[in-house]
Amino acid sequence: MRKLDKRTLLGGSSIFQGLAERDLDALAAVTVTKRLVSKEVLFHKGEMGSELYGVLSGRLRISAAGPDGKGMVFTYADPGEIFGEISLIDSSPRSATVEAAEPSELMVLHRRELMPFLKQHPEVAIHMGQLVAARLRRVSEQVEDAYLLSLPARLARKVIALGRVYGKETPKGVTLEIPLAQQEIGELIGATRESVNKILRRWSESELVEVDQKIITIRDLDGLQDVADMYVD
């Protein structure tokens, strides 16, 4: 299991890029560590929050439920990623629910420690704002896909995107090194497990992908890209 130390996590984050070694060390010194077991919720959407989190090991699922109770997974946070900055900046309730997709260890930085640091290093606040903007852009793209693309296109785009992040070249193709249940895939694209199962089964028959338990292998990337490009409502 990949595991980072706090100093490495902070130094590798775009938020804290350009800081002197002594400043990174000082910041790491005021953080604490939090451990989560698989499926343990870190916080729920709507809760108040005053902490910034960084993933030292494991994987976190970031999601939200709509008025109808259906959930949608926005993204996953892997080692090296930082989240929780929106509530930290504006003191508003959490905008999503975060739970451990597997046993995880987090770095926790409290607002009372970070705010004095931001006053001394305003460039960090700028980087944090850029991160927020990038995440809002990704959410906007997800909403656009949900309204403008058919289900096969959304699924194809998501599988290809996951392949870029978690894919590994194998003799069969690009294998996603992250186990995903079809229910989880459905939550990532706003679809039912049954719909995802039907499409993946059809793609398996046409050898676009191979599904082995919860592991997906992209066997024909060009063909899958054609599906992503062609299936527009």
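**Figure 1. Packing of helices α7 and α8 in the predicted model.** The axes of α7 and α8 lie 8 Å apart and the two helices pack at an angle of about 105°. Because angles of 65 to 115 degrees count as roughly perpendicular, α7 is classed as roughly perpendicular to α8. On the α7 side the contact is made by Gln182, Gln183, Ile185, Gly186 and Ile189, and on the α8 side by Arg193, Val196, Asn197 and Leu200.

**Figure 2. Burial of helix α7 and the residue that follows it.** Helix α7 is mostly covered, with six of its eight residues buried. The buried residues of α7 are Gln182, Glu184, Ile185, Gly186, Leu188 and Ile189. Just after the helix, Gly190 takes a positive phi of about 70°.

**Figure 3. Contact between helices α6 and α7.** The axes of α6 and α7 are 10 Å apart, and the helices pack at an angle of about 105°. This angle makes α6 roughly perpendicular to α7. From α6, the residues Leu151, Arg154, Leu155, Lys158 and Leu162 take part; they meet Ile185, Leu188 and Ile189 in α7. Within α7, Ile185, Leu188 and Ile189 are among the buried residues.

**Figure 4. Contact between helices α6 and α8.** Here the axes come within 11 Å and cross at roughly 75°. That crossing makes α6 roughly perpendicular to α8. Leu151, Pro152, Leu155 and Ala156 represent α6 in this contact, whereas α8 contributes Ser195, Val196, Ile199, Leu200, Arg202 and Trp203. Leu151 and Leu155 of α6 also meet residues of α7, and Val196 and Leu200 of α8 likewise take part in the contact with α7.

**Figure 5. The largest nonpolar core, with a view centred on Leu200.** This core holds 28 residues, of which Leu155, Leu200, Trp203 and Leu224 touch the most other members. Two or more residues are given to the core by each of β5 (71-77), α6 (151-166), β10 (173-176), α7 (182-189), α8 (193-205), β12 (215-218) and α9 (221-230). Helix α6 supplies the largest share, seven residues. When residues up to four places away in sequence are not counted, Leu200 touches Leu155, Gln182, Ile185, Val209, Val211 and Ile216. A second, separate core consists of 21 residues and includes Ile15, Leu56, Ile82 and Leu114.

**Figure 6. The aromatic cluster of Phe43, Tyr53 and Phe83.** A search of the whole structure finds three aromatic pairs. One of the pairs, Phe43 and Phe83, is tilted, at 6.5 Å centre to centre and with 50° between the planes. Phe43 belongs to strand β2 (residues 41-43) and Phe83 to strand β6 (residues 82-83), so this pair ties together parts that are 40 residues apart in sequence. The pair of Tyr53 and Phe83 is stacked, because the ring centres are 5.5 Å apart and the planes lie at 20°, and planes under 30 degrees apart count as stacked. This second contact links distant parts of the chain, with Tyr53 in strand β3 (residues 51-57) and Phe83 in strand β6, 30 residues apart. Phe43, Tyr53 and Phe83 together form one aromatic cluster.

**Figure 7. Burial of the cluster residues and the position of Arg94.** Relative accessible areas are 8% for Phe43, 6% for Tyr53 and 4% for Phe83. Phe43, Tyr53 and Phe83 are therefore buried, since buried means under 20% relative accessible area. Arg94 lies over the face of Phe43, at 4.2 Å from the ring centre.

**Figure 8. Surroundings of His110 in strand β8.** His110 has its place in β8 (residues 104-110). The relative accessible area of His110 is 22%, and this residue is therefore classed as partly exposed, because buried means under 20% and exposed over 50%. His110 touches Ser50 and Glu51, with residues up to four places away in sequence not counted. Glu51 falls within strand β3 (residues 51-57). His110 and Val165 are 55 residues apart along the chain, and their C-alpha atoms are separated by 29 Å.

Conventions:
Residues numbered from 1 in each chain as written. Predicted model: local features only at pLDDT ≥ 70, side-chain atom pairs only at ≥ 80, totals over all residues. Heavy atoms only, no water. Core = buried A, V, L, I, M, F, W, Y, C linked by side-chain atoms within 4.5 Å. Buried < 20%, exposed > 50% of the residue type's maximum accessible area, 1.4 Å probe, protein only. Helix = DSSP H or I, 4+ residues; strand = E, 2+ residues; numbered from the N terminus. Contact = heavy atoms within 4.5 Å. Phe/Tyr/Trp six-rings, centres within 6.5 Å; stacked < 30°, edge-to-face > 60°. Lys NZ or Arg CZ within 6 Å of the ring centre and 35° of its normal. Axes fitted to C-alpha atoms, helices over the stretch in contact; angles between N-to-C directions. Parallel < 35°, antiparallel > 145°, perpendicular 65-115°, else oblique.
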